[in-house]
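Me: I have a model open and I'd like to learn to read its sheet and its pockets. Can you walk me through them?

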Amino acid sequence: WDITREMGASLLTYELYPLGFVGKSLPTVPLLDRSTNSRRLPILFIHGIFHNRSAFAWLKQKLSMSGWRYFKEIDLLTTIHPIPTLAEQTALHVRHILDRYQTDQVDIVAHSMGGIVARYYVQLLGGDGVVRNLITLGTPHSGTEWSRFSLLPHLRELTPKSKTISMLNRCAPPSHTRAVSVSGSLDIIVPPKDAAWWEGVRNIQLSRVGHAGLLFSKRVAQVIASHLDPRV
């Protein structure tokens with residue numbers, strides 16, 4: 001059943017793909033109660049390889065129902081641009097969010113390769129502290145062997161001991177950004193199981209969930225909400 005559910009999550013992720021081309025932001029179901037905690041920061045979503053902002057449709061709705069109101073999803077050309085370039089683009093989006101919402105911090109939720117992009121921004125481009133919380137989902141912090149077989153040179157940046165992965169792991173963990181790495185025990189995209197381990201930050205591995213399933217998991221939504229809630 002767990003494997004069937006993961007296959008369903010993978011199919012759903014790509015069925016939702018066209019939603020990423022509709023409007024400027026993913027829609028959420030209108031709620032009668034639009035009150036919000038003013039201390040809750042806007043959330044920036046960063047997708048992984050071969051995805052777009054539609055990957056976060058379910059999580060955005062769950063967080064909206066839990067009281068978050070301000071979101072930004074970005075579309076990155078992960079198969080064309082290298083990780084440093086994607087991180088620079090992320091920095092531009094962060095500055096836009098800070099200006100738009102008149103705040104000095106933002107929270108980031110990133111899936112798969114998006115977590116590496118977010119790490120690069122936080123650890124190497126001055127994002128430490130500007131990002132209050134960074135939560136990565138199924139991110140290959142130690143690299144993934146699957147990248148060795150990619151025909152796209154930029155995706156081979158995700159191989160273990162690549163220049164990018166090695167540079168990030170030589171850096172000290174963020175000192176001002178609270179980072180959390182969430183992984184699933186059924187993730188076959190990021191083998192072995194400890195590939196999602198980020199040394200020096202909190203690591204959470206959930207049982208019975210895989211790579212795509214992290215985007216549709218109630219437990220993941222609960223982890224995100226609990227870590228982003230300023231009252232915690």
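Reply: We'll take the sheet, then the helices on it, then the pockets. Keep in mind that this is a predicted model.

Me: Okay, the sheet. What is the order of the strands, and is the pairing parallel or antiparallel?

Reply: To read a sheet, look at which strands pair, since pairing here takes at least two bridges between two strands. In this model you get an open sheet of 6 strands, ordered S2-S1-S3-S4-S5-S6, and the pairing is parallel.

Me: Which strands stand at the edges?

Reply: Those are S2 (71-74) and S6 (202-206). Each has a single partner strand, so one side of each has no neighbour in the sheet. As you step from one strand to the next, the twist averages 15°.

Me: How many bridges join S1 to S2?

Reply: There are 4 of them, linking S2 to S1 (residues 43-46), and the two strands run parallel. For a landmark, find Ile43 and look across to Phe71 in S2, which stands opposite.

Me: Now the helices. Which strands does H3 lie across?

Reply: Here you ask two things: which strands a helix touches, and what angle its direction makes with theirs. H3 (residues 83-101) lies across S1, S2 and S3 (106-111), and runs at about 160° to S2. H6 also packs on the sheet, where it touches S1, S3, S4 (131-137), S5 (178-184) and S6. The direction of H6 makes about 165° with that of S4.

Me: On to pockets. How much space lies in the largest pocket, and which residues are closest to its centre?

Reply: With a pocket, go from volume to lining to chemistry. The largest pocket holds about 610 Å³ of space. Its lining has 26 residues, and Ser112, Trp146, Ile189, Val190 and His211 are the closest to the centre. H1 (residues 2-15) gives the most to this lining, with 6 residues. By class, you'll find 15 nonpolar, 9 polar and 2 charged residues in the lining of the largest pocket.

Me: And the second largest pocket: which residues lie nearest its centre?

Reply: Look for Arg5, Gly213, Phe216, Ser217 and Lys218, out of 13 lining residues. About 230 Å³ of space lies in this second largest pocket. Both H1 and H6 (218-228) supply at least two residues of its lining, and H1 gives the most, with 4 residues.

Me: How do the residues of that lining divide by class?

Reply: For the second largest pocket, the split is 4 nonpolar, 3 polar and 6 charged.

Definitions and conventions
Residues numbered from 1 in each chain as written. Predicted model: local features only at pLDDT ≥ 70, side-chain atom pairs only at ≥ 80, totals over all residues. Heavy atoms only, no water. 1 Å grid on protein atoms, 1.4 Å probe; cavity = no way out; pocket = protein on both sides within 12 Å on 5 of 7 lines; lining within 4 Å. Points joined across faces, edges and corners; volume = space filled by probe spheres on them. Nonpolar A, V, L, I, M, F, W, Y, C, P; charged D, E, K, R; others polar. Axes fitted to C-alpha atoms, helices over the stretch in contact; angles between N-to-C directions. Contact = heavy atoms within 4.5 Å.
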